[in-house]
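Okay, thanks everyone, let me get this up on the screen. I want to walk through one helix and what sits around it, then pick out a few odd spots in the backbone.

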Amino acid sequence: MTVMDTRPTTQLRSLALEITGQCQNTCTSHCYAKSGPHGSHGTMTRDDWFALLDQAAGLGVAMVQYIGGEPTLHPHLPQLVDRALSLGMRVEVFSNLVHVRPSMWHAFNRPGVSLATSYYSNNAAEHEQITGGRGSYARTKANIAEAVRRGIALRAGIIHVRDGQATEGARAELRQLGVTGTIGVDRVRALGNASGGLEVHNPAELCGRCGIDRVAINPDGVVTPCVMSRWLTAGDIRTRGLAEILTGPEWADRMAVIPRSVGGCVPDTCTPKEDSCQPSPGVDGCSPDDSACQPGQPACLPKFP
């Protein structure tokens, strides 16, 4: 059951910063952002991102997620991580972990930084058919093991893309690799590449929490309620302040068209954290483990390359 929520205000706690549309993989069946090897870093400069982070800190934002595309391909990611940390914000980098430069491991090892990644199958051929990246299974698996070895907090999202996909095998393998963080499983959302080329913009495909306490900014500085609701644009961060955008009429209009889920267990899908599965009002028995409620549900996590 869904209801329309017309509340114009957002209690901003975190930001999803889509710093690039470039990615090594070609997830033609499900990438919501249609990112790939020919994607770009957009028009936002390093100083534009710095200015946004300064605004966010002033608004009380406690957490920033760097996403893409593949954020480790952005030349200024280490500096963006450092800037957020210097402002007292926690940082999560959502990476496909196909390739991690030594400078990136240094950034990931900093206190206050965590990782998130996508994993599809414990079968190499199936994983690579989904990602379109030759060798992506072995590289991602090796870098997950390396993150665990380094003691870096890591969570994972598994998207069920095809019939018979070894999603349970993927989950078991992640646990065997030592991943102790959340492992969420979600269906494909019919957005981006998963819309079959129809450019479908269906708010019902969203998780229902978009814009409540988290907003997204794309590589061109455009503000949207979440990374998947990219057609619901509300303003450009380079011409208007974030606070002005979030209290403006365009934002209220965009929020009003998103169906809000009620009843059942509704995880805090857009705020990456370990205890994100919370019962809805009047609902008992919501169990925050990785078999029930799917805490950290990947509907709001970027791309799953």
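So, start with H4 and H5: their axes come within 8 Å and cross at roughly 100°. Anything from 65 to 115 degrees goes down as roughly perpendicular, and H4 and H5 are therefore roughly perpendicular to each other. Who actually meets whom in H4 and H5? On the H4 side we have Ala 124, His 127, Glu 128 and Thr 131, and they meet Ser 136, Tyr 137 and Ala 138 in H5. By class, that contact of H4 with H5 is a mix, with three nonpolar, three polar and one charged residues.

I should say right away that this is a predicted model, so please hear everything I say in that light.

Now H5 itself. The helix runs over residues 136–149, which is 14 residues. From first C-alpha to last, H5 reaches 20 Å, close to the 20 Å expected at 1.5 Å a residue.

Which residues of H5 are buried? The list is Ser 136, Tyr 137, Thr 140, Asn 143, Ile 144, Glu 146 and Ala 147. When you read a list like that, keep the usual rule in mind: an α-helix has 3.6 residues a turn, so residues three or four places apart point the same way.

And what covers those buried residues of H5? The cover includes helix H3 at 102–108, strand S5 at 113–118 and helix H4 at 124–131. It also includes strand S6 at 154–160 and helix H6 at 167–177.

Let's take H6 next. Two packed helices are described by the angle between their axes and the distance between the axes. For H5 and H6, the angle is about 40° and the axes are 9 Å apart. That makes H5 oblique to H6. From H5, the contact uses Tyr 137, Lys 141, Ile 144, Ala 145 and Val 148, while H6 brings Glu 173, Leu 174 and Leu 177. Sort the residues of this contact of H5 with H6 by class and you get six nonpolar, no polar and two charged. Note that Tyr 137 of H5 takes part in the contact with H4 and also in the one with H6.

What about the end of H5? Just after the helix, Gly 151 takes a positive phi of about 75°. This glycine lies in the loop between H5 and S6. Is Gly 151 buried or exposed? At 63% relative accessibility, Gly 151 counts as exposed. Its C-alpha is 10.0 Å from that of Phe 108, and those two residues are 43 apart along the chain.

There's another 43-residue pair for you. Val 100 sits in the loop between S4 and H3, and its C-alpha is separated from that of Asn 143 by 7.5 Å, with their positions 43 residues apart along the chain. Val 100 touches Asn 143, along with Trp 105 and Phe 108, leaving out residues up to four places away in sequence. At 10% relative accessibility, Val 100 counts as buried. Asn 143, remember, is one of the buried residues of H5.

Okay, backbone oddities. Most residues other than glycine have a negative phi, and most peptide bonds are trans. Leu 97 isn't a glycine, yet it has a positive phi of about 55°. You'll find Leu 97 in the loop between strand S4, 90–94, and H3. Leu 97 is buried too, with a relative accessible area of 0%. Then there's the peptide bond from Gly 68 to Gly 69, which is cis, with omega near 15°. Gly 69 has its place in the loop between strand S3, 63–67, and helix H2, 77–86.

While we're at H2, have a look at Val 81, which is found in that helix. At 1% relative accessibility, Val 81 counts as buried. Its contacts, beyond neighbours within four places in sequence, are Tyr 66, Val 91, Val 93, Ala 107 and Val 113. Take Val 113: it is 32 residues from Val 81 along the chain, and the C-alpha atoms are separated by 8.1 Å.

Last bit, the whole protein. We have eight helices and 12 strands, and 55% of the 305 residues are buried. Of the contacts between residues at least 6 apart in sequence, 71% join residues at least 24 apart. The accessible surface comes to about 12000 Å², and 52% of that belongs to carbon and sulfur atoms.

That's me done, over to you.

Technical notes
Residues numbered from 1 in each chain as written. Predicted model: local features only at pLDDT ≥ 70, side-chain atom pairs only at ≥ 80, totals over all residues. Heavy atoms only, no water. Helix = DSSP H or I, 4+ residues; strand = E, 2+ residues; numbered from the N terminus. Expected span 1.5 Å × (residues − 1). Buried < 20%, exposed > 50% of the residue type's maximum accessible area, 1.4 Å probe, protein only. Contact = heavy atoms within 4.5 Å. Axes fitted to C-alpha atoms, helices over the stretch in contact; angles between N-to-C directions. Parallel < 35°, antiparallel > 145°, perpendicular 65-115°, else oblique. Nonpolar A, V, L, I, M, F, W, Y, C, P; charged D, E, K, R; others polar. Areas by Shrake-Rupley, 256 points an atom, 1.4 Å probe, with all protein chains shown as cover.
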